Amino acid sequence: MTDLNAIDILLVEDNPRDAELIVRALKKKHLANNLHIVEDGVEALDFLFARGRYDGRRREDMPKVILLDLKLPRVSGLEVLQTLKSDGRMRAIPVVIVTSSAEDPDVETAYKLGANSYVIKPVQFEMFIEAMSRLGDYWLTLNHSMKQNRD
Amino acid sequence: MDNSTPATRSAIYNPGSLRISGIYLVTGVLWILLSDKLAAQIAPSPEMLTTISIYKGWMYVIVTSILLYWLILRHIAEVHESEERLRLVMDSLPALISYIDTNQRYQVSNKMYEEWFGYKVEGRRIEEVLGNRKYHEISGFIEKTLQGETINFETDLQHLGQENRYVNTSFVPDKSTDGVVRGFFVLAQDITARKQTENEIQQLNEKLEERVIERTAQLHAVNRELEAFSYSISHDLRAPLRAINGYTQILIEDYKTVLDDEGKRICSVISAEAKRMGELIDDLLSFSRLSRKEINATYVDMKALAYSVYGELTREVERERIDLKIGALPPANGDPALLHQVWINLISNALKFSSKKDRAIIEIGAQGNNDENIYWIRDNGAGFDIQYVDKLFGVFQRLHSDDEFDGTGVGLAIVQRIVQRHGGRVWAEGETGKGAIFSFSLPRQGETND
């Protein structure tokens, strides 16, 4: 059972197939050790703000990166993004939008709201793996997160 | 410009009076000359001469009186006749004609006034005849014309106290040679029928405008629906495709020990078909997006564009085996992004179909006439069977199998759609094995279809 206080990647994805493929891709690069998956926006916010189901979590322990899908039930990806980026502390966590949508208004809005990166899920699996690996590599290994600063 | 009226001129010189006094003069002179001679001859004595002279004198007065009476009577009859003719003309004209003096009183008026107002207006003041409200509306014009200006205006005028009719009215000042205004003429034509038609046309126009606005709103709504549709396709169809691809891959990777060669082949077929479906969706979406995109027409340097597209589509090493020739291409008036797409599709087709030749020869040129510019691109590649030329531009229509050449068959459909939206046409000629020429026309200067 992963320690919910030591999560590196928070994956917010409602489609179980996409979730499985993303995890598989990350596993290939050994980046999936401290991964937690939530299926909608409400759960994502509950996790990060340590409330509801995640009441017992330590709030200060934030993931190194959040992979966020846009099409989510209940609270949408963009709403989650907005909430996170308006919070003084949560704002520092890098958010990578991972979605099927290439439609321009979504991309623009995401960046306006403060997304750090926008990645489109490719149909071809090899490309998908490649994309996820690179993502994981960059945000977990190369990028110097705020958390690392404090550890 | 001579502003004086005939009345002015006749104050000094008048052919009529000249004639009468002329006849009188001549008669008088002749009588005096002849009668004196005659009297002198027939008179027996000087006393008789005196008496004859006296009677001659009386005779002269009586005869010339009768002559004058007769002359003047005839003259007056003539004048009356011409007045009558004038009045006949005035009364027969379907307009209000009158003369008004400086006291704003009607001096002369034609029959129309009686028909219009129901009574004779001569001697009455304008204010009386038109009523207070109407009089104050036009009093400004009346004042201006009494200052010497010719005025023309349209106004409504009550007819026989019941309906309102419309008249086109002119006020023409009557000026003497020294510029003094003595009154003015009124000419008013009934334009009620025309006004009605004008109103009807205006109403029709307004209704038309409303309908155009409605239809445009409907069109916008349809467009938005289409966009939402494309959007949902791009999300909803891709996700299952991704799953098909991905899980097939998992199968291959995780179960490779269990799968035999045939099993692996089947998996790769599944993946390939899923990939193909992805391409089809992408192409369909492009096609739909390009059909809906607004055309922002501007100056486009077609030669530079073609060169740049060629550069985009080829790598340095590939260009060694390609002979490219681009002639003088006239600039076009159109949407740069859309025309860019046209060149991409046409040039990539030329490259693709000549890819199996040792040396690919691609030529691009143009010719123009008064109405349009025709651009063409020729390649020495695989060509196509001219029998099926009609299918060439259909969506997803292909004349070559997948084994021969890659592609979904939507490229030319996109070219046709874009060119048509610019007001032009596309066509192609080709022969199997001998290459093909694709041509498209664009209207010259500023005409587009939408």
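User: How much space lies in the second largest cavity, and which residues line it?

Analyst: A cavity is a set of points on a 1 Å grid over the protein atoms alone where a 1.4 Å probe fits but cannot get out, and its lining residues have an atom within 4 Å of a point. Here the second largest cavity holds about 30 Å³ of space, and its walls are A:Ile9, A:Val65, A:Leu67, A:Leu135, A:Gly136, A:Trp139 and A:Leu140. This is a predicted model, in which local features need pLDDT of at least 70 and side-chain atom pairs pLDDT 80 or more, while totals for chains, interfaces and linings use all residues. Residues are numbered from 1 along each chain, chains are lettered from A in the order written, and side-chain values use heavy atoms, without hydrogens or water.

User: Which element gives the most to that lining, and how do its residues divide by class?

Analyst: Elements are DSSP runs, with helices (H or I) of at least four residues and strands (E) of at least two. Helix 5 of chain A gives the most to the lining of the second largest cavity, with four residues, and strand 3 (65-68) of chain A also supplies at least two. The lining of this cavity has six nonpolar residues, one polar and no charged, where Gly counts as polar.

User: How many cavities of 30 Å³ or more are there in the whole structure, and what lines the largest?

Analyst: A search of the whole structure finds two, and the largest cavity encloses about 170 Å³. The largest cavity is lined by 19 residues, and those closest to its centre are B:Leu130, B:Ile138, B:Thr169, B:Phe171 and B:Val186. Among the chain B elements that each supply at least two residues of this lining are helix 6 (132-146), strand 4 (163-175) and strand 5 (181-190). By class, the lining of the largest cavity has 16 nonpolar, two polar and one charged residues.

User: How should I read a sheet, and what is the order of the five strands in the open sheet of chain B?

Analyst: Strands of a sheet pair through backbone hydrogen bonds, either parallel or antiparallel; DSSP must find at least two bridges for a pair to count. In chain B the five strands of this open sheet follow the order 7-9-10-12-11, with mixed pairing. Strand 7 (322-326) and strand 11 (426-431) of chain B stand at the edges, each with a single partner strand, so one side of each is left without a neighbour in the sheet.

User: How many bridges join strand 11 of chain B to strand 12 of chain B?

Analyst: Six bridges join strand 11 of chain B to strand 12 (residues 435-443) of chain B, and the two run antiparallel. In this pair, B:Glu431 stands opposite B:Gly435 in strand 12 of chain B.

Note on methods: 1 Å grid on protein atoms, 1.4 Å probe; cavity = no way out; pocket = protein on both sides within 12 Å on 5 of 7 lines; lining within 4 Å. Points joined across faces, edges and corners; volume = space filled by probe spheres on them.
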